[in-house]
Amino acid sequence: MAAPCRVPQLLRVSFRRFSGVTASARSFSGDGKTHFGFETVPEEEKAKRVYKVFENVAQKYDVMNDAMSLGVHRLWKDTLLHVMHPQPGARLLDVAGGTGDIAFRFLEYVRSQQERRERRAARSMQTQSWQDISSSYGTEGEDGPRESRAVVCDINKEMLKVGKQKADSTGTSAGLSWVVGDAEELPFDDNQFDIYTIAFGIRNVTHIDQALQEALRVLKPGGRFLCLEFSKVTNPVLARLYDAYSFQMIPVLGEVIAGDWKSYQYLVESIRRFPDQEEFKQMIEDTGFYCAQFHNLTGGVVALHSGFKL
């Protein structure tokens, strides 16, 4: 459900019990260890192993998303765009954007918004006087609308390669850039983007708190953070069915479709190590975002979190 908008206490000291998922998710172990699925590994090793996972699955990533979610991931991503509601001229940074699903949707959405504006303008012109029309020609195009742009940033070159191939094959390269970069140390200056998105990627970073700090840094004042991620199922019956499907079917699908059982076993396990909805919302607030909230999708299988930089 959506949480009410409130100002975070930037200097809040949290006395929550750091155990189980909480400690591992925040990487606050203090001994240089973190989780890789259910396995405990040195922090420096996790990034290498995650890179290898996505290097292995890149070519079959989109096919597996459809197979694992029965196509529902498309609806989740569409929901993200409708909540985002970007306007023409917006600048998007999609981190862990991989094969470009969010960026493609973003560019299509702002194009449709621009076309809608133009149709409204054309209709209004039909009822204007000649004097109004003449004066509008004098101001039209002096500055012009700023072009919308999307930057897809991913640490994995193979995922970006697949995304570029999709863009080229569909003719959607205009306004789109592809950048190799780490979510924990983004290669961008401060205050550059209107919107920051990360879909099904933040659970794979070693230090979630650092990735959130980087999101805050690169957003402009007034910019919006949006995160789509697997979360905690709220219905006990659905939770049991979901667990059974995740552990018994998804690795099998990975083996059959992508020839890779282990990578999809990791992906299933990594979901269980990610903070639940309320705790992740708390992390967003602690970073310095305002009006942090979340919406559960498909009974909490996925949650959409958001917040604003002021």
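This is a short guided tour of the structure, stop by stop, for you to follow in your viewer. Keep in mind that the model is predicted.

**The whole protein**

Start with everything shown as a cartoon. You should find 12 helices and nine strands. Of the 310 residues, 48% count as buried. Now switch on the surface: its accessible area comes to about 15,300 Å², and carbon and sulfur atoms account for 55% of that. How much of the contact count comes from residues 24 or more positions apart? Among contacts with a separation of 6 or more, such residues make up 76%.

**Strand β4 and its neighbours**

Next, select residues 149–154, which form strand β4. Five of its six residues are buried, so the rest of the structure largely encloses this strand. One residue to pick out here is cysteine 153, buried with a relative accessible area of 0%.

Add residues 91–95, strand β3, to your selection; β3 and β4 run parallel and are joined by five bridges. To see one of these pairings, show aspartate 94, whose bridge partner in β4 is valine 152.

Then add strand β5, residues 176–180, which pairs with β4 in the parallel sense, again over five bridges. Which residue of β5 is the bridge partner of valine 152? Look for tryptophan 178. Between β4 and β5 the chain crosses through helix α7, and this β-α-β crossover is right-handed.

**Strand β7 and its neighbours**

Move on to residues 219–230. This is strand β7, and nine of its 12 residues are buried. Cysteine 227 is buried too, with a relative accessible area of 1%. If you are wondering about disulfides, a search of the whole structure finds zero.

Select β6, residues 193–199, and you have a parallel partner of β7, with six bridges between them. Tyrosine 196 has phenylalanine 225 in β7 as its bridge partner. To get from β6 to β7, follow the chain through helix α8, residues 208–218; this β-α-β crossover is right-handed.

Does β9, residues 302–308, run parallel or antiparallel to β7? The two strands are antiparallel, joined by seven bridges. Zoom in on leucine 226 and you will see serine 306 of β9 standing opposite.

**Helix α3**

Now leave the strands and select residues 61–69, helix α3. Colour Tyr61, Met64, Asn65, Met68 and Ser69, which are buried. Because they cover an arc of only 110° around the axis, they sit on the same side of α3. That pattern has a simple background: an α-helix has 3.6 residues a turn, so residues three or four places apart point the same way.

Which helices do the buried residues of α3 pack against? Show α2 (43–57), α4 (72–84), α7 (157–170), α9 (236–248), α10 (250–258) and α11 (261–272). Just after α3, stop at leucine 70, which takes a positive phi of about 55°.

**Helix α10**

For the last stop, stay with α10 and pick out Ile250, Pro251, Leu253 and Gly254, which are buried. Turn the helix until you look down its axis: the buried residues fall within an arc of 155°, so they line one face of α10. Helices α3, α9 and α11 are among what covers them. Finish at glycine 259, which follows α10 and has a positive phi, near 65°.

Terms used: Residues numbered from 1 in each chain as written. Predicted model: local features only at pLDDT ≥ 70, side-chain atom pairs only at ≥ 80, totals over all residues. Heavy atoms only, no water. Disulfide = S-S within 2.5 Å. Buried < 20%, exposed > 50% of the residue type's maximum accessible area, 1.4 Å probe, protein only. Helix = DSSP H or I, 4+ residues; strand = E, 2+ residues; numbered from the N terminus. Contact = heavy atoms within 4.5 Å. Areas by Shrake-Rupley, 256 points an atom, 1.4 Å probe, with all protein chains shown as cover. Pairing = 2+ DSSP bridges. Right-handed = clockwise from strand over helix to strand, strands pointing away. Arc of directions from axis to C-beta.
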